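Me: I have a protein open here and would like to go through it. Can you help me read it?

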Amino acid sequence: MGNWLVNHWFSAAVLAAWLGINIFLFTYYFLFFDQDDRYFYTRAILGSALAWARASAKCLNFNSMLILLPVCRNLLSFLRGTCSCCRRTLRKQLDHNLTFHKLVAYALALLTAVHTIAHLFNLERYNQSQQATDGSLPAVLSKMHLQDNKWLNPIHSNETTVEYMAFTTIPGLTGVIITLALILMVTSSTEFIRRNYFEVFCGLVRGQTEQSMAEVDPHRCAQYLTQRDQNCTHHCCKDPEFGSIPAESWKWVLAPIILYVFERILRVWRAQQKVVVKKVVMHPARVLELQMQKKGFRMEVGQYIFVNCPAISPLEWHPFTLTSAPEEDFFSIHIRVAGDWTERLIDTFQSENPRIEVDGPFGTASEDVFQYEVAMLVGAGIGVTPFASILKSIWYKFQQADQTLKTKKIYFYWLCRDREAFAWFNDLLASLEQKMAESGKADFLTYRLFLTGWDTSIANNVALHFDTATDTVTGLRQKTIFGRPMWNTEFAVVAEAHPRSVVGVFLCGPEALAKSLQKFCHQHSSLDPRKVKFYFNKENF
C-alpha cells in the first residue's frame with residue numbers, strides 16, 4: 001500500500017501543481033485587468049467581461065505551452081531511458097502522458113469557451129457604446145480618435161454589427177476559425193490542439209497608453225470627459241489615448257512548438273530510412289509476424305514502433321509492440337486482424353511483399369521489468385506481445401549466463417479467448433522451459449495460461465487426456481486453465497512467496513482488467529517499507 005500511496009501522491013501533486021498554476025494565473029490576471037488603471041476606460045465600456053476574457057487567455061497560453069509536450073514521444077523515451085533524474089516514481093508518471101494530454105485539451109476547450117463567450121459580450125458592449133447618444137462615458141470614449149490609431153472602441157460606426165466584426169476583421173475571423181477547428185477536433189476525438197491559440201482576439205481589447213496615463217490620469221479626469229465644454233483648458237480635457245495589448249502568446253508556445261517541430265522532423269527522417277522485411281510468418285488465428293532489419297535500429301524490451309504501409313494508406317501509422325529481443329539481429333512485430341487496415345495488411349503480405357516504413361522505437365512501462373526482483377506479466381490476447389520480447393531476452397540472458405540480471409522470479413499470465421491464439425507463442429515457452437531446466441533454474445518462470453472461451457468438445461478432450469504429461473491445448477507442460485484468474489488468490493500467493501520483495505505488475509490489456517489489477521496491487525502492498533510492495537504498470541500508446 002505504501003508504494004500505491006507514494007505513486008498516487010506524486011500523481012496528485014502533479015495534478016495539483018497544474019491546477020494551482022491555472023488558478024493562480026486566472027486569479028492574478030482577472031484582478032489585474034479588473035483593477036489596473038490602464039484599463040479604467042476599457043472597463044467603463046466592457047465591465048467584468050474584460051477580466052474574464054483576459055484571464056482565460058493567460059490560462060490558454062499556459063495550457064497551449066503544455067499540450068504538445070506529452071505527445072513528443074522521443075522526448076519521453078529520452079527521459080525514460082537516459083535521464084538520471086527519472087527514478088521509478090517519476091518514470092511511472094511518464095506512463096500517464098496521454099491522460100495528461102487529454103486533460104490539458106479539455107482545459108483548453110473549457111477556457112476557449114469562456115474566452116469566446118466573454119469576447120462576444122465585449123463585442124456587444126462595444127456595439128451598444130458606439131450607438132449610444134446619451135453622453136455617457138462609454139458613448140464619449142467610443143467617439144474618440146476615430147481618424148487615427150489611438151481609439152478605444154474598435155467599432156467605429158453605427159452600421160457595424162457584432163456579426164460583421166466577427167467575420168470580417170482578422171481577430172474576429174481567426175477566432176471563429178480556431179474555435180470551429182477546436183469543436184471539430186474535440187467532437188471527432190482526434191489527437192488535437194496541435195497548434196497554439198496565440199491571441200485569438202488580440203486586436204479587440206485596448207488599454208490607455210503609459211504616456212497618456214501620465215498626462216490624463218483616469219481617476220481624476222474621467223468626469224471631465226462627460227462634462228467638459230469646447231473651451232476647456234484644464235489638462236484633463238485632453239482626450240486619453242489608447243493602444244493594443246502587446247501579443248505575448250508566442251513567448252509561451254515558441255519553445256514547445258520548436259521542440260515539437262524538431263520531433264516531427266526527426267520522425268519523418270527516421271521513417272524514410274529503408275526497412276528490409278527479412279521474414280514473413282503467418283501464425284494460426286491470422287496472426288502475421290514480420291521480421292525486419294533497419295540500419296541503426298536499437299531497441300529495449302517492451303518498446304513499440306509505428307508502422308506504415310504506403311501501398312495501403314500513405315497517411316495511416318499504427319503502433320505495434322516489438323516482440324523480438326534486443327539480443328537478436330532483427331526486430332519483429334506480431335499483427336492480428338483488428339480493423340480494416342490490419343486486415344488489408346495481412347491480405348497484402350499473403351500475396352506480395354510491400355514496402356514498409358517504421359518510426360521508433362519508443363519507450364513504455366515494460367522497459368522497467370528488469371528493475372524489479374519479482375515481475376508479474378499479464379497479457380490479454382495479442383497483448384502478450386511486449387512479454388514475448390521480455391521472455392526472449394530472458395532466454396538469451398540464460399544462454400549467455402548473464403550475471404547482471406536483477407530479476408529473480410517471473411510470473412506470466414496469458415488470457416486468451418481462442419485456443420489457436422496460443423499456438424504462435426508455444427515454441428518460445430517450450431524453449432524457455434527447456435533452457436531454464438538445463439540451467440538449474442526451472443522455478444525462475446511460472447506461467448499460467450487461461451482459456452476464457454471454449455466449447456464442450458474442447459472441455460471433453462481435456463478431461464479425456466487429463467493425466468498426460470503435456471497439455472492437450474498447447475502441448476506445454478503447464479496445463480491450460482479454463483476460465484479467468486482469481487486475481488486475489490494469485491496476488492496472495494505471490495505476496496506469501498516474496499514477503500520482502502518489490503513486485504512489478506505489468507499489463508498489456510483492456511482498461512477493465514487494469515482497474516482490477518491496480519486494485520489488487522493496492523490491497524496486497526504492505527505499509528511496512530520492509531515488506532512486499534506491488535507496483536502497477538500499464539502499456540499506453
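**Starting from one leucine**

Reply: Start with Leu19, which lies in helix H1. Keep in mind that this is a predicted model.

Me: Is Leu19 buried or exposed, or partly exposed?

Reply: Leu19 is partly exposed, because its relative accessible area is 39%, between the 20% limit for buried and the 50% limit for exposed.

Me: Which residues make the nonpolar surface patch?

Reply: Leu15, Leu19, Ile23 and Leu103 make it, and the patch covers about 320 Å².

Me: Which helix gives the most to that patch?

Reply: Helix H1, residues 2–35, gives the most, with three residues.

Me: Let's zoom out. How many helices and strands are there in the protein?

Reply: The protein has 18 helices and 14 strands.

Me: And what share of the residues is buried?

Reply: Of the 541 residues, 50% are buried.

Me: What about the surface, how much area does the protein expose?

Reply: About 26,300 Å² is exposed, and carbon and sulfur atoms supply 58% of that area.

Me: What part of the contacts is between residues far apart in the chain?

Reply: Take the contacts with a separation of 6 or more: 77% of them join residues 24 or more positions apart.

Me: Give me an example of chain parts that come together. What is the C-alpha distance between Leu66 and Trp252?

Reply: Their C-alpha atoms are separated by 9.3 Å, while the two residues are 186 residues apart along the chain.

Me: Where does Leu66 lie, and what does Leu66 touch?

Reply: Leu66 lies in helix H3, residues 49–67. Leaving out residues up to four places away in sequence, Leu66 touches Trp18, Phe100 and Val104. Leu66 counts as buried because its relative accessible area is 14%, and the limit for buried is under 20%.

Me: New topic: rings. How many aromatic pairs does a search of the whole structure find?

Reply: The search finds 23 aromatic pairs. One of them is Phe32 with Tyr39, an edge-to-face pair with 6.2 Å centre to centre and 65 degrees between the planes.

Me: Are Phe32 and Tyr39 buried or partly exposed?

Reply: Phe32 is partly exposed, with a relative accessible area of 24%. Tyr39 is buried, at 8% relative accessibility.

Me: Why is the pair of Tyr372 and Tyr535 called tilted?

Reply: The planes of Tyr372 and Tyr535 are at 50 degrees, so the pair is tilted. Under 30 degrees would count as stacked and over 60 as edge-to-face. The ring centres of Tyr372 and Tyr535 are 6.1 Å apart.

Me: Where do Tyr372 and Tyr535 sit in the chain?

Reply: Tyr372 is in the loop between strand E8 (357–362) and strand E9 (374–380), and Tyr535 is in strand E14, residues 533–538. The pair links distant parts of the chain, 163 residues apart. Tyr372 is buried, with a relative accessible area of 1%, and Tyr535 is buried too, at 11%.

Me: Back to Phe32 and Tyr39. Which aromatic cluster are they in?

Reply: They belong to one cluster with Phe24, Tyr28, Tyr29 and Phe33.

Me: Last one: how many disulfides does the structure hold?

Reply: Zero. A disulfide is a covalent bond between the sulfur atoms of two cysteines.

Me: Are Cys59 and Cys508 buried or exposed?

Reply: Cys59 is buried, with a relative accessible area of 2%. Cys508 is buried as well, with 10%.

Technical notes:
Residues are numbered from 1 along each chain as its sequence is written. This is a predicted model: local features need pLDDT of at least 70, side-chain atom pairs count only at pLDDT 80 or more; totals for chains, interfaces and linings use all residues. Side-chain values use heavy atoms; hydrogens and water are left out. Patches are made of residues with over 30% relative accessible area and no salt bridge: like charges are joined within 9 Å, nonpolar side chains (Val, Leu, Ile, Met, Phe, Trp, Tyr) within 5 Å. Accessible areas come from the Shrake-Rupley method with a 1.4 Å probe; for residues, only the protein chains shown count as cover. A salt bridge is a side-chain nitrogen of Lys or Arg within 4 Å of a carboxyl oxygen of Asp or Glu. Helices (H or I, at least four residues) and strands (E, at least two) are DSSP runs, numbered from the N terminus. Buried means under 20% relative accessible area, exposed over 50%, partly exposed in between (1.4 Å probe, protein chains only). A disulfide is a pair of cysteine sulfur atoms within 2.5 Å. Contact means heavy atoms within 4.5 Å. Rings of Phe, Tyr and Trp (its six-membered ring) pair if their centres lie within 6.5 Å; planes under 30 degrees apart count as stacked, over 60 as edge-to-face and the rest as tilted.
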